[in-house]
Amino acid sequence: LPHGLQGYFDYKQGMACAEEQDKPVFLVFKGHACANCKKMENSVWTDPEVLRMLSEDYVIIALYTDDRSALAEEDWATSELDGKTIKTMGKANLDFQIARYNTNTIPYHVVIRPDGTQHELAVTFDNGEFRDFLKMGL
């Protein structure tokens, strides 16, 4: 992750860590080749308060929707959305995003509080709005 942030690229691992630490999750759907994702990271995540909250108060899970890493055959799944076999990490992440949040927008941010409450936010380059979004999850 950028800016020295630590996090997970696997949803289940990240959620297990968040439960163990009793911290909210900052879930971001993003892409390796996504210009808006990079703009967000370089103009909003660098805000000192945002960076502090992300590094200290949250468990970060970053799911890349364009990751071409092959899944092990035993991890292949059939999409409930289109019936196709999912064979890559990116397709699995995108299928999860669409099924759970009914969108394929990236970057797409979700705060999941320890009590299960979720707040969603599509792209925003407004530092104040993003800070408020993160504060909602604490």
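# Briefing: a buried glutamine, a disulfide and a helix pair

Gln97 sits in helix H4, which covers residues 89-101. Keep in mind that this is a predicted model. Besides Gln97, this briefing looks at a disulfide between Cys34 and Cys37, the packing of helix H3 against helix H5, and Ser79 in the loop between strands S4 and S5.

**Gln97 in helix H4**

- With a relative accessibility of 0%, Gln97 counts as buried, because the cut-off for that label is under 20%.
- Its side chain makes a polar contact with the backbone oxygen of Thr105, at 2.8 Å.
- Setting aside residues up to four places away in sequence, Gln97 touches Asn102, Thr103, Asn104, Thr105, Ile106 and Tyr108, along with Phe29 and Thr65.

**Cysteines**

- A disulfide is a covalent bond between the sulfur atoms of two cysteines.
- The count for this model comes to one disulfide.
- That bond pairs Cys34 with Cys37, and their sulfur atoms are 2.4 Å apart; the distance passes because the cut-off is within 2.5 Å.
- The torsion about the S-S bond of Cys34 and Cys37 is about 80°, so this disulfide is right-handed.
- Both Cys34 and Cys37 are buried.
- Cys17 comes in at 10% relative accessibility, so Cys17 counts as buried too.

**Helix H3 against helix H5**

- Two packed helices are described by the angle between their axes and the distance between the axes.
- For H3 (residues 48-56) and H5 (residues 127-136), the angle is about 25° and the axes are 10 Å apart.
- H3 and H5 are therefore roughly parallel to each other, since angles under 35 degrees get that label.
- The crossing of H3 and H5 is left-handed.
- On the H3 side, the contact is made by Glu49, Val50, Met53 and Leu54, while H5 brings in Phe130, Arg131, Leu134 and Lys135.

**Ser79 in the S4-S5 loop**

- Where is Ser79 found? Look in the loop between strand S4 (77-78) and strand S5 (85-86).
- Is Ser79 buried or exposed? At 4% relative accessibility, Ser79 counts as buried.
- A polar atom of the Ser79 side chain lies 3.0 Å from the backbone nitrogen of Leu81.
- Once neighbours within four places in sequence are left aside, Ser79 is in contact with Lys84, Ile86 and Asp95.

Conventions:
Residues are numbered from 1 along each chain as its sequence is written. This is a predicted model: local features need pLDDT of at least 70, side-chain atom pairs count only at pLDDT 80 or more; totals for chains, interfaces and linings use all residues. Side-chain values use heavy atoms; hydrogens and water are left out. Buried means under 20% relative accessible area, exposed over 50%, partly exposed in between (1.4 Å probe, protein chains only). Helices (H or I, at least four residues) and strands (E, at least two) are DSSP runs, numbered from the N terminus. A polar contact is a pair of N or O atoms within 3.5 Å; within protein, one must be able to donate a hydrogen and the other to accept it, and residues adjacent in sequence count only if both atoms are side-chain atoms. Contact means heavy atoms within 4.5 Å. Axes are lines fitted to C-alpha atoms, for helices over the stretch in contact, and angles run from 0 to 180 degrees between N-to-C directions. Angles under 35 degrees count as roughly parallel, over 145 as roughly antiparallel, 65 to 115 as roughly perpendicular and the rest as oblique. A crossing is left-handed if the near helix is turned anticlockwise from the far one by less than a right angle, and right-handed if clockwise.
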